[in-house]
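Please open the structure in your viewer and keep the selection panel at hand. This tour suggests what to select next and says what is there.

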Amino acid sequence: MTARDERAPWLTLKMREAMEAWLFISPTLAGFLIFFVGPLCAVVWYSLTEWNLLSQQSVFVGLDNYDDALFHNLDFWQVVRNSIVFAIGLVPLNMALALALALALSRRFAGVVFFRTVFFAPVVTSAVAWAIVWKFLLQGEAGFVNQMLAGIGIHGPNWLREPDWAMVAVIVTRVIKMVGLNMILYIAALQAIPRDYEAAARLEGASNWQIFRMITWPLLGPTTLVIMVITTIGSFKVFDHIYLMTGGGPENGTLVLAFYIYQQGFQFFDVGYASALAMIMFVIVMGLTVVQLALRRRDT
Amino acid sequence: MSSLTLRNLKKRFGRVDVIRGVTLDVADGEFVVFVGPSGCGKSTLLRMISGLEDVTDGELRIGNRVVNEVQPAKRGVAMVFQSYALYPHLNVRDNMGFGLKVRKVPAAERQQRVSEAAALLKLDALLDRFPRELSGGQRQRVAIGRAIVGHPDVFLFDEPLSNLDAELRVHMRSEIAALHKRLGNTMIYVTHDQVEAMTLADKIVVLRDGRIEQVGSPRELYEQPDNIFVAQFIGSPKMNILPAGSAAGFGAQPAGAVSVGVRPEHLSLVAPEKGQIGGKVVISEYTGASSLLHIRLDSGETCLVVVDGDAPEADMKVGLLAGTDNLHHFDTDGMALRKSRLLM
């Protein structure tokens, strides 16, 4: 061996590996810093200012925007209530339907791929097209849904014009649009459960319901948690669906948090206040996620 | 406890015949092993007995009952799976007591039966652990324990030792044998490992392509194989099968013999000029207690020989001797020409 071979290299193997690792993650890291951390810090700063987008004047006001939203603005609490109602209506309905569909479509039978495609198709359908079609279907007397209800003797409401029914309508149409995604996640989870568990349970005398309750459902726990968290977050972030179907109406009956933030920031140009609302929404969603994770941890 | 009777049992998946008419009697308390190559249908046959696969045709009896249409849980069988199939979210106690719980057995009795099985299998200290906290051997014992607590008539084992390392497999094999001795139940055991089959079985069933090739005790199968398939499947290293012409030097052959079989351990090495047939060592594999020699015969075929002690080096010329009692003769269809038949 020559002296040159024995000399320690300028960079040790460990340092070279670390450099390569940083090189590989740097594009993603840069994107994360520029497009996520940066705007997040900016929003925190904006929320502490009174900044009108039109006048371009920014004044530091401390926590005034938060104080205004939480203690002086009655609209804010109605909006929070609407968001909670939307989430409480959407999340269980979406998850129950997704699980039922997954249980039906996780087995092999003729046409199963067709049915999976049918239920997943709305997920990849344009939100605009979806909203337009449903607005048409949910029209008052002339709407397809009410025509069908009239056929069985039910006088349907004016779905999108009555505050209570409008919320029901946006929840149900949103569930139908997005349920396919959770269905696919549940199907993947069900298919990952070894078939031997079911066979063993059946040999020991378990009924279908006992197998579901005592074996399948507990084993779906981690997937259920993920689905619950992402569906809850998604329900608090819902914007396009509300914007396109009801515009937050009637009588602010479907005005939810994300849409309210949009209104404050881009219709009333009050960026500081909108930023404070965004931070509050962030805290609410984060809080709910932590609670869900804690509940899950307690159960296992 | 129960006997088992299979009459012309068939199983078809779509257009594929997997089990093609199996007839078999298993006596009460017998330990029967199904062996055969991958895809021969041994696991399917076991699942048909358990009720996890339905019977396409034929009759299946457990005890005096025809059970073709009886639900799995009501057949009086318990199964130990290759994967163990332990529920990962339940601890050992709940895994073992699962079947009793779904059958609504009172908690006190459940507790007692789980404790008894745990004591039998030395699992007492592990009852509160989860499957992920157990070693492979411990998981296997829990799976067996789960089968025991149900007090089944028939135990079914589907390659239960395949996932264990070699040393643990030997240990668990002896535990299963001891368990059979203690419980005395009928046991059906599926494996592709012929050592497991030979050491555990009262009776071995050799399967190929959904049919039984031979049924018999380990000794019968080793000493009197019905055909070339069984002759080569049972025994390790496998039996040498030579064309009758190449093996003529071993002695007179019965009429109709086209192949001659001789096990590697039944051939002796001698000096080239003293051998019944001659050859040259091609490869010599030292395995510790013995050596396995690959010998190219003068007629061109390759033959395996097991030699205790010192073995000749590669390229050495050798002679081979075989006793007539150790020769097996087969006809054109590969069926054995029995010695008793030859004497008639």
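The stops below go from a whole chain to one of its sheets and then to a contact between chains.

Before selecting anything, note that this is a predicted model, in which local features need pLDDT of at least 70 and side-chain atom pairs count only at pLDDT 80 or more, while totals for chains, interfaces and linings use all residues. Residues are numbered from 1 along each chain as its sequence is written, and chains are lettered from A and ligands numbered from 1 in the order in which they are written.

Select chain B, whose C-alpha trace spans about 80 × 45 × 35 Å along its principal axes. Its secondary structure comes to nine helices and 18 strands (DSSP runs numbered from the N terminus, helices being H or I of at least four residues and strands E of at least two).

Next, select strands 2, 1, 4 and 5 of chain B, which in that order form an open sheet with antiparallel pairing (two strands pair if DSSP finds at least two bridges between them). Strand 2 (16-26) and strand 5 (65-66) of chain B each have a single partner strand, so one side of each is left without a neighbour in the sheet. Strand 4 (residues 57-62) of chain B is joined to strand 5 of chain B by two bridges, and I62(B) stands opposite R65(B) in strand 5.

Finally, select the contact between the chains, to which chain A gives 14 residues and chain B gives 16 residues (two residues are in contact if their C-beta atoms, placed from the backbone, lie within 7 Å). On the side of chain A that touches chain B, helix 9 (195-203) and helix 10 (208-219) of chain A each supply at least two residues, and helix 9 of chain A gives the most, with six residues.
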